[in-house]
Amino acid sequence: MPMIRVEMFPGRTVEQKRALAKALTEAFVTHGKTSPEAVSIVFVDVAKEDWATAGVLASDK
């Protein structure tokens, strides 16, 4: 059972997440050779002050 975890900054609408869920599921079914019912997706909104790249917080950019 594939489990996809999507971490991103807050701000996406429910409609955007719905579209992402559909597209990710379809891609996994096509390329991962599994059924849609087997694919689980978790969206995690991460605050910019909780995300750093190259030692710099995203909130500081």
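## An exposed loop residue

At 79% relative accessibility, Ala54 counts as exposed, and this residue sits in the loop between strand E3 (52–53) and strand E4 (56–57). In this predicted model, the backbone at Ala54 has a positive phi of about 55°, although the residue is not a glycine.

A second residue that can be described in a similar way is Lys33, which is not a glycine and yet has a positive phi of about 55°. Lys33 belongs to the loop between H1 and E2, and with a relative accessibility of 69% this lysine counts as exposed.

## The chain as a whole

The elements that surround these loops can be listed briefly, since the secondary structure of the chain comes to one helix and four strands, and from the N terminus on they run in the order β-α-β-β-β. The radius of gyration of the chain is 14 Å, whereas the globule rule gives 10 Å for 61 residues, so the chain is more spread out than a compact globule. Along its principal axes, the C-alpha trace of the chain spans about 40 × 25 × 15 Å.

Turning to surface and interior, buried residues make up 15% of the 61 residues in the chain, and the accessible surface of the chain comes to about 4500 Å², of which 57% belongs to carbon and sulfur atoms. When the contacts of the chain with a separation of 6 or more are considered, 61% of them are accounted for by residues 24 or more positions apart.

## Buried residues and their contacts

Where in the chain can the buried residue Thr25 be found, and what does this residue touch? Thr25 lies in helix H1, which covers residues 14–32, and its relative accessible area of 15% places it among the buried residues, because buried means under 20%. If neighbours within four places in sequence are left aside, Thr25 is in contact with Pro36, Val39 and Ile41.

Pro2 is found in the segment before strand E1 (3–8), and this proline is also buried, with a relative accessible area of 14%. Not counting residues up to four places away in sequence, Pro2 touches Phe28, Thr34, Ala38, Val39 and Ser40, so that Val39 appears in the contact lists of both Pro2 and Thr25. Pro2 and Arg12, in turn, are ten residues apart in sequence, while their C-alpha atoms are 23 Å apart in space.

## Partners across the sequence

Val42 lies in strand E2 and is partly exposed, with a relative accessible area of 33%. Its contacts, again not counting residues up to four places away in sequence, are with Met3, Ile4, Arg5 and Val6. Val42 and Glu7 are 35 residues apart in sequence, and yet the distance between them in space is 8.4 Å, taken from C-alpha to C-alpha.

Within helix H1, where His31 has its place, a further pair of residues can be compared by sequence and by space: His31 and Ala19 are twelve residues apart in sequence and 18 Å apart in space, C-alpha to C-alpha. His31 itself is exposed, with a relative accessible area of 68%.

## Charges and salt bridges

Side chains of opposite charge can pair when their charged atoms come close. How many salt bridges does a search of the whole structure find? The search finds two salt bridges. In one of them, Glu7 pairs with Arg5, and the closest N and O atoms are 2.7 Å apart; Glu7 counts as partly exposed, at 40% relative accessibility.

In the other salt bridge, Asp45 pairs with Lys17, and here the closest N and O atoms are 3.2 Å apart. This pair links distant parts of the chain, with Asp45 in strand E2 (residues 40–45) and Lys17 in helix H1, 28 residues apart. Asp45 counts as partly exposed, at 38% relative accessibility. For the chain as a whole, the mean positions of the 8 positive and 8 negative charges are 5 Å apart.

Technical notes. Residues numbered from 1 in each chain as written. Predicted model: local features only at pLDDT ≥ 70, side-chain atom pairs only at ≥ 80, totals over all residues. Heavy atoms only, no water. Helix = DSSP H or I, 4+ residues; strand = E, 2+ residues; numbered from the N terminus. Rg over C-alpha atoms; globule rule 2.2 N^0.38 Å. Buried < 20%, exposed > 50% of the residue type's maximum accessible area, 1.4 Å probe, protein only. Contact = heavy atoms within 4.5 Å. Areas by Shrake-Rupley, 256 points an atom, 1.4 Å probe, with all protein chains shown as cover. Lys, Arg positive; Asp, Glu negative; His and termini not counted. Charge placed at Lys NZ, Arg CZ, Asp CG, Glu CD. Salt bridge = Lys/Arg side-chain N within 4 Å of Asp/Glu carboxyl O.
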